[in-house]
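Visitor: Pick one spot in this fold and walk me through it slowly, please. I'd like to see how the pieces around it hang together.

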Amino acid sequence: MARGRAAVLDALRRQPDPVGIDALAHATARHPNTVREQVNWLVAHGEVIRIRQPRDGRGRPAWLYQARGPRPADGEYVELAAALAWQLQDSEADTRAEAMAAGRRWAADLVDRKGVTPDPSPAAARRWTVELMDELGYGPTTEGPDDLDVVLHRCPLLQAAHRFPDVVCAVHLGMVQAVLESNGGGPVEPQLTPFSAPGECRLRLGA
């Protein structure tokens with residue numbers, strides 16, 4: 001399989017939900033027309049299935065795509081966060097506050113499942129958070145002497161993030177904030193820059 005098609009297929013395999021062409025193009029740093037050709041080839045060869053996006057306005061519903069096979073590891077948690085993002089987008093409440101609160105509830109579940117670091121400290125909290133995000137499929141790499149800056153090379157909530165970046169980022173921030181606090185990180189205000197470069201986002205874990 002050509003490298004470009006393999007990269008698109010890999011991106012689809014990491015997603016718990018169907019994804020559109022524009023979101024895939026953003027994630028893989030390719031032109032939408034190129035991605036469309038590659039996805040059509042994958043559909044024709046049985047690697048990917050095509051699904052109609054539910055109608056949410058005028059015009060013809062777009063196609064979404066999903067790789068055949070099992071969901072990614074921990075896909076049920078990522079799928080829950082994606083569902084929260086779609087629901088909050090239509091809420092009449094303070095969307096950011098509700099999304100942050102949803103992220104904190106998600107974090108409580110993750111911490112309860114995984115446990116906390118045996119030696120809580122700000123540095124240990126950052127390491128634990130990066131490890132968790134790696135398990136959830138975000139492909140993190142740290143930068144800087146104190147591991148405060150993290151580059152996220154993948155987004156398991158790709159379609160929701162492409163449609164509603166403010167909501168999805170707030171869910172992420174709430175989750176990261178609560179995870180850091182649970183592991184001795186103290187009160188922090190993490191910052192997230194979505195799509196800071198093609199195929200990646202940047203996360204800062206503290207001041």
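One strand pair up close

Guide: Let's start with strand S4 (residues 149–152) and strand S6 (residues 200–204), which pair in the antiparallel sense over 4 bridges. Strands here are DSSP runs of E, at least two residues, and helices are runs of H or I, at least four residues, numbered from the N terminus; two strands pair if DSSP finds at least two bridges between them. Bear in mind that this is a predicted model, where local features need pLDDT of at least 70 and side-chain atom pairs count only at pLDDT 80 or more, while totals for chains, interfaces and linings use all residues. Residues are numbered from 1 along each chain as its sequence is written, and side-chain values use heavy atoms, leaving out hydrogens and water.

Now look across the pair: Asp149 stands opposite Arg204 in S6. Their side chains also meet in a salt bridge, 2.9 Å from N to O; the term asks for a side-chain nitrogen of Lys or Arg within 4 Å of a carboxyl oxygen of Asp or Glu. Arg204 belongs to strand S6 and Asp149 to strand S4, so this pair ties together parts 55 residues apart in sequence. Arg204 is partly exposed at 26% relative accessible area, and Asp149 is partly exposed too, at 24% (buried is under 20%, exposed over 50%, partly exposed in between, with a 1.4 Å probe and protein chains only).

Zoom out a notch, and you'll see 4 strands in an open antiparallel sheet, ordered S3-S4-S6-S5. Strands S3 (140–143) and S5 (191–197) sit at the edges with a single partner strand each, so one side of each has no neighbour in the sheet. On average, neighbouring strands are turned by 25° against each other, direction ignored. Helix H6 (residues 122–135) packs on this sheet, touching S3, S4 and S6, and its direction makes about 155° with that of S3. Touching means heavy atoms within 4.5 Å; axes are lines fitted to C-alpha atoms, for helices over the stretch in contact, with angles running from 0 to 180 degrees between N-to-C directions.

The Arg204 and Asp149 salt bridge has company, as the whole structure holds 6 salt bridges. Among them, Arg104 pairs with Glu181, their closest N and O atoms being 2.8 Å apart. That one links helix H5 (residues 95–114) to helix H8 (residues 165–182), across 77 residues.
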